[in-house]
Protein chains: 2
Amino acid sequence: MADDRRLDVLRAIVEDYVATHEPVGSRSLLDRHQLGVSPATIRNDMAILEEEGYISQPHTSAGRIPTEKGYRIFVDRLATVKPLSAAERRAIETFLSGAVDVDDVVQRSVRVLAQLTNQIAIVQYPSLSLATVRHVELVPLDNARMLVVVITSSGRVEQRIIELESTPDEALVGQLRTRLTGATVGQRLGEASVRLAEAIDGFAPRHRPIVTSIVSALSHTLTSERSTERIAVGGTANLARFGHDFDQAIQPVLEALEEQVVLLKLLGEAAAPGPQVRIGSETGTEGLASMALVSSTYGASEGGSALGTLGPTRMDYPGTIAAVAAVARYVGRLLNED
Amino acid sequence: MADDRRLDVLRAIVEDYVATHEPVGSRSLLDRHQLGVSPATIRNDMAILEEEGYISQPHTSAGRIPTEKGYRIFVDRLATVKPLSAAERRAIETFLSGAVDVDDVVQRSVRVLAQLTNQIAIVQYPSLSLATVRHVELVPLDNARMLVVVITSSGRVEQRIIELESTPDEALVGQLRTRLTGATVGQRLGEASVRLAEAIDGFAPRHRPIVTSIVSALSHTLTSERSTERIAVGGTANLARFGHDFDQAIQPVLEALEEQVVLLKLLGEAAAPGPQVRIGSETGTEGLASMALVSSTYGASEGGSALGTLGPTRMDYPGTIAAVAAVARYVGRLLNED
DNA sequence: ACTGGCAGTTGCCCCCGGCGAGTGCCAGCA
DNA sequence: TGCTGGCACTCGCCGGGGGCAACTGCCAGT
């Protein structure tokens, strides 16, 4: 059936183009792949593929290049899984397991992902939604200011400084500390926030205003999830390696990378588990028109965090997907131990 | 005196080259500057300046370009101060004063510096060396692990997780917490670290091993100054704006920016107060051969932190220096309030 | 000490022709 | 109907060459 062969041709075109970065013609295609047909046949198939929008030619006398649509179908239906080598797996594992700290895990993940894929790595800090409260601390500062600290089971410390109307006395602070700790320790952050509201009732009415401010700050601290709003980026130097035809595209990409909001949106949309691929305009970001994002959520947390890589649309999708998936798996495992 | 005019010529060359990004010849120089002499005279001066190593010509039929040495003398002796406009000052002030947080101050400084100079901005997190200990907290985790938290007067929270040989009982932890807090609160971080050593003596010998591990971890936390080892970078997108002749240089620069160690060394060397300029090879970093760093320490802290910008050697030095100095001044002021 | 002029060098730009890669189409064959 | 071989055609790329213009260096003159 000719339909199948056309898809084979498309796959071959994508693979060759990714390997050589040059438009691929019917002849060179046959040199590198054993399709049992003549160049003319390939040409016919190519003409049809072009008509259907999977490939295009930069100029008349050049070979074909996959379009976004071509990459899309390649990723969805044509790419075969390319598992990581044992050495690569080991590298990931040993490098990540040396981490001393949640932050360190993130830093190392970025490095290893960038290294592995030769692309730009993006890692969102882990979500706290599954973590429980380990400790609550209130520290009075000067001028009626108070430092509210929450230590979570994952070893993360969230802090916030608040301004109060008046300086609470030692006794009240002590009482608050005890009650708030009692009400929240061991709870998940979301639940803890609920319990706090109830805890207010136990205080004398005259203390209510000040207690309320503190509790509400604490509650914010618990739910604001500042950590999932942070992102680590690495491997930007790879941008310069993507090829000289990327010189134009490099500035918008750097701009996008500086806008955490953009990155968060991109990673945040990776709702489904397992690796996701967004190609060119599918990123919904103008500056990333010539880039593709391979991302995956990690860890068990539902509304969880994600990581991924950003590379040229002409990337090695199977390899990149495998790398992203592997790192996500290891990172998830590492963080769940805590 | 002809010597003076030669320096005027050099200044004019630097200014023109910075403005146009093109080698400047004797004629175009006279078009833009009122030196009261003929092109031939300028040519003679140029020949001498070239002999002395201040300028060079890319090829015979081209104009002259300043050398590193030329920029150096320009910065040291020829550049006239170019104060910021009132609007710029106001922009810095209002933007920075919106910060809610030490981290936020740093983030905003990076943005404003990058914006102002159209270069890459680098800001080291503030040193803690002048901060005092506000609170010490020990939080037992599972598996004989312990979370050590230090809250400083500047509102920064330093944390560290340590592994112990055995799980200390509640009473010991309580006792430790009290003693360590007593010994350190109100002290500067450096002194506090010293006091800790003395505090060990107060414990029963059988507790010594565990107490020692905890104290030493705490001591590390106090002195390691992790914050000054952190650096925020922004405005990398400006790299792509530096001109197409920079395409070659962009990758090494991005690599250098990813190596925090390199950046720390660069900023750390800016020992003297006031803006410092390091040009090309003076950075001591191979990848930054075509770049120049304008940096300044900020805040009162002696061994303090620094910030600066990284741009092409052909940058607007007076403007950049003014911007860096202004931001450093504001940031220092902001942080000293706490 | 400075100027005007002149010869000399050299990179840049544009044009052009040849080359080669690759295509589309068509007639022929299983 | 689907595949193949062949052929004419289209373009982009590359290298060479000539003209141009920007500068310089030098020298004689004021």
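1. Copies are superposed by least squares on the C-alpha atoms of residues with pLDDT of at least 70 in both. On that basis, and with the reminder that this is a predicted model, chain A can be laid on chain B with an RMSD of 0.3 Å, the operation being a turn of 180 degrees combined with a shift of 0.2 Å along the axis. That is the relation of a two-fold axis. The contact between the two chains follows this relation, in that the same surface serves both copies and 100% of the contact residues of chain A recur in chain B. The residue of chain A that comes closest to the rotation axis is A:Asp247, whose C-alpha lies at 3.7 Å.

2. Turning to the contact itself, 23 residues are taken from chain A and 23 residues from chain B. On the side of chain A that touches chain B, at least two residues each are supplied by β4 (133-140), β5 (145-152), β6 (157-163) and α10 (250-258) of chain A, and α10(A) gives the most, with five residues. By class, the residues on this side of chain A divide into 11 nonpolar, six polar and six charged.

3. The surroundings of DNA strand C comprise 20 residues, of which the closest are A:Gly25, B:Val37, B:Thr41, B:His59 and B:Ser61. At least two residues of this surface come from each of α2 (26-32) and α3 (39-51) of chain A and α3 (39-51) of chain B, and α3(A) gives the most, with four residues. The surface near DNA strand C is made up of seven nonpolar, 10 polar and three charged residues.

4. For DNA strand D, 20 residues again form the surroundings, and the closest are A:Val37, A:Thr41, A:His59, A:Ser61 and B:Gly25. Here α3 of chain A, together with α2 (26-32) and α3 of chain B, each supply at least two residues of the surface, while the largest share, four residues, comes from α3(B). The classes on the surface near DNA strand D are six nonpolar, 11 polar and three charged residues. A reader checking the two strands side by side may wish to set these residues against those listed for DNA strand C, where the nonpolar, polar and charged residues number seven, 10 and three.

5. Chain B contains an open sheet of three strands in the order β4-β5-β6, with antiparallel pairing. Its edge strands are β4 (133-140) and β6 (157-163) of chain B, each of which pairs on one side only, and neighbouring strands of this sheet are turned by 15 degrees against each other on average, direction ignored. β4(B) and β5 (residues 145-152) of chain B run antiparallel and are joined by seven bridges; among the bridge partners in β5(B), B:Val150 is that of B:Val136, and B:Val148 is that of B:Leu138. Although β4(B) is an edge strand, six of its eight residues are buried, so this strand is largely enclosed by the rest of the structure.

6. A further open sheet of chain B has five strands in the order β7-β3-β10-β9-β8, likewise with antiparallel pairing. The edge strands in this case are β7 (231-234) and β8 (276-279) of chain B, and each pairs on one side only. Neighbouring strands of this five-stranded sheet are turned by 15 degrees against each other on average, direction ignored. At one edge, β8(B) pairs with strand β9 (residues 291-298) of chain B in the antiparallel sense over four bridges, and B:Ile279 stands opposite B:Ala292 in β9(B).

7. Two backbone conformations in chain B deserve a look. Most residues other than glycine have a negative phi. B:His21, however, has a phi near 65 degrees, a positive value in a residue other than glycine; the residue is placed in the loop between α1 (2-20) and α2 of chain B. With 14 C-beta neighbours inside 10 Å, B:His21 counts as partly exposed, because a residue is buried only from 20 such neighbours upwards and exposed at 12 or fewer.

8. The second case is B:Asn118, for which phi is near 55 degrees, again a positive value in a residue other than glycine. B:Asn118 is found in the loop between α6 (102-117) and β3 (120-124) of chain B. With 18 C-beta neighbours inside 10 Å, B:Asn118 also counts as partly exposed.

Note on methods
Residues are numbered from 1 along each chain as its sequence is written. Chains are lettered from A and ligands numbered from 1 in the order in which they are written. This is a predicted model: local features need pLDDT of at least 70, side-chain atom pairs count only at pLDDT 80 or more; totals for chains, interfaces and linings use all residues. A residue is near a molecule or strand if its C-beta atom, placed from the backbone, lies within 6 Å of it. Ala, Val, Leu, Ile, Met, Phe, Trp, Tyr, Cys and Pro count as nonpolar, Asp, Glu, Lys and Arg as charged, and the others, Gly among them, as polar. Two strands pair if DSSP finds at least two bridges between them. Axes are lines fitted to C-alpha atoms, for helices over the stretch in contact, and angles run from 0 to 180 degrees between N-to-C directions. Two residues are in contact if their C-beta atoms, placed from the backbone, lie within 7 Å.
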